[in-house]
Amino acid sequence: MMRQYELVERVQKYKPDANEALLNKAYVYAMQKHGQQKRASGDPYISHPLEVAAILTDMHLDESTIAVALLHDTIEDTTATRAEIDELFGEDIGRLVEGLTKLKRLDLVSKKAKQAENLRKLLLAISDDVRVLLVKLADRLHNMRTLDHMKPEQKARISEETMDIYAPLAGRMGMQDMRDELEDLSFRHINPEAYETVTQRLAELSAHNEGLIKKIEDELRELLVANGLNDTFVKGRQKKPYSVFRKMQSKSLSFEQLSDVYGFRIIVDDVACCYKALGIVHTRWRVVPGRFKDYISNPKQNDYRSIHTTIVGPSRQRIELQIRTQLMQEIAEYGIAAHTLYKDGQSGEGKGPAKGDELLPKQSNAYSWLRHTIESLAEGDNPEEFLEHTKLELFQDQVFCFTPKGKLIALPRGATPIDFAYAVHTNIGDTTVGAKINGRIMPLVTRLNNGDEVEIIRSGVQVPPAAWEEIVVTGKARSAIRRATRMAIRKQYAGLGHRILERTFERAGKTFSREALKPALHRLAQKDVEDTIASVGRGELSSLDVLRAVFPDYKDERVTVKPAADQGWFNVPSATGMMFKLPAQSQTDLENAQAADLVATLLPIRGLAANTQVRFAPSGAVPGDRIVGIMDAGKSKGITIYPIQAPALQKFDDEPERWIDVRWDLDEANKSRFPAKIEINTINEPGTLATVAKTIGALDINIRTMSMGSNRADDFSEIAMEIEVWDLRQLNQLLSQLKELDCVANLKRIYD
């Protein structure tokens, strides 16, 4: 276990003027508070905050952050309080320790809503002060290093959590070395068999190529020095197990097929030397096509800069090269932590800025990404969408594209012009109808490549199709499309709901208005007026319930009438005693009326006045359908019942006074069958019709009418059927079973 003086010496090595008194006080306070506490391994608990502090000293962080690392578990696991820490160490350190206490555990294998809420807390805390992230990552890294003493289920949960959130978050913040170690440690527990296999194969390869890395290092260094790059540092390494496994999975390769297991970093003085070294290497050895990336000219969003290339180098080995300056190397290792090293114009070693390099930018691009992600918190996404959005953003690699004006847009690999449009602005994405890529009109599903220039073609009347959600890869685009789709659906149902409410209020002798609805929202458990109206349109909320919420004293006086005959109509009793008139000469003519597409039913419908003449649309409607009543034109009191999906309803859009809000009112004791139309496209071969009919009959469904025809040069048959079912559940069950038949190509329900 690290001693007090050792910790102070580690900090003073890179920060000679560090506040030694603060470090000593934090060390002693943590030691006293944790006292005799033990870890699962049996080690003194104080060893954990000390190791977390040690990890942060490797990043050359300031003494305040080191003090926070020492104290980060005191509030949660000891008798320490925020007030006590504020008094002893100041409010700044107290705030950070309390923030870390709230983030002690991200339970990412629980319900999605809870996962998202924990992730929100983490990101919001990080956005408030980046030191929260640095301590949290160091805390997680040490916990992963000591995971062997946990129970198997705990190992799996913590490893999955690390792989899902912490490792990619470290990568997004530019801390690639930490990401690599977190991924490797997680891989070991998530897939131990694969880990052991890959580790063993790498060990065998290393033994077989013993001395190869040193040989290649020497040859590269000698070549660069011979060409004037005297202060060059070359370091080789074998790739880590998870990196190898991930490449095998993504490329569908066996271990033997991997040709670039070795990577080498070339560290030079300045940017000009980077490109000089690149030229020297490419002149000496053959380049592997398509494996060159210039992240100096186009840095990654996490501020990473380097030149990547792959060559067939010394000993005919295919090796990856990363060429960068010392400053770029520190950014690659420490990410956002490196910004603290240069804020005063000096590096952590006190050597001043690296030669030929500009200082780090005042605002980290990685931090900009974090702020952009947090902006989505205010956009109204539900928790599940927020979690999905953030995970998408964390895991994606990048391509770089340009607007026609030369603005650089960084996108995940596999992004489309739709993603590009939403990356520029949400409104541009919502109004996109086409795109030009490098001057040519291309499909919106085209995958973008590095360097593409993308011009978006827009239309003011465009609404993003819901199908776009399956095309895009960015969380921002996906959530924006969902939001636009929800708004379009809400607008559609709000129009219907408004007409239904107007009619319901009118029948009750009341006047409907949005203003009158506002005071009643809490009674309906609704957020706003538009949501309430849309809920009525969707059938989720009864218009009568809205009426009663606005006018609590209103009483619904329903009329029960006795059977009475009118010329051309007869009455059918409902389960509640209400009479519905149906067109026929006598009750014995019921079957004839059905054959004439005028469907009689013993199943009652709520929402109609007494003596209402009721009929169904030609395609019918079944219990479970959302239904709407349309009053007949003129003086007739007849009502036609339509399912909400019926295209025929569009012709009544401009006649809101004819719309009636109706509901099914089921009585299990008096069930009836109801008609629906389906169209089946089948293979034209013997036995097909019998197979279809047998499936229908087995579900206790009646075939009322049927017609057949052929198409596609007689290879397929079209079967149009009118069937009778008990309810929508039975109809959906039939459609599902018919789809599974080998003789059925496709089928659909028909709405007139």
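Me: In which loop is His-60 found?
Reply: In this predicted model, the two elements to look for are the helices α3, which covers residues 47–58, and α4, which covers residues 63–71. His-60 is found in the loop between α3 and α4.

Me: Is His-60 buried or exposed?
Reply: The relative accessible area of His-60 is 18%. Because buried means under 20% relative accessible area, His-60, at 18%, counts as buried.

Me: What is the phi of His-60?
Reply: His-60 is not a glycine, and yet its phi is positive. The value for His-60 is about 65 degrees.

Me: Where is Asp-700 found, and what is its phi?
Reply: Asp-700 is found in the loop between α27 (688–698) and β21 (702–711). Asp-700 is a residue other than glycine, but its phi is positive, near 60 degrees.

Me: What is the relative accessible area of Asp-700?
Reply: Residues that are neither under 20% nor over 50% in relative accessible area are called partly exposed. Asp-700 is partly exposed, and its relative accessible area is 41%.

Me: How many helices and strands are there in the chain, and what percentage of its residues count as buried?
Reply: The chain has 28 helices and 23 strands. It is made up of 752 residues, and the part of them that counts as buried is 50%.

Me: Among contacts between residues at least 6 apart in sequence, what percentage join residues at least 24 apart?
Reply: The contacts considered here are those in the chain between residues at least 6 apart in sequence. Among these contacts, the percentage that join residues at least 24 apart is 66%.

Definitions and conventions. Residues numbered from 1 in each chain as written. Predicted model: local features only at pLDDT ≥ 70, side-chain atom pairs only at ≥ 80, totals over all residues. Heavy atoms only, no water. Helix = DSSP H or I, 4+ residues; strand = E, 2+ residues; numbered from the N terminus. Buried < 20%, exposed > 50% of the residue type's maximum accessible area, 1.4 Å probe, protein only. Contact = heavy atoms within 4.5 Å.
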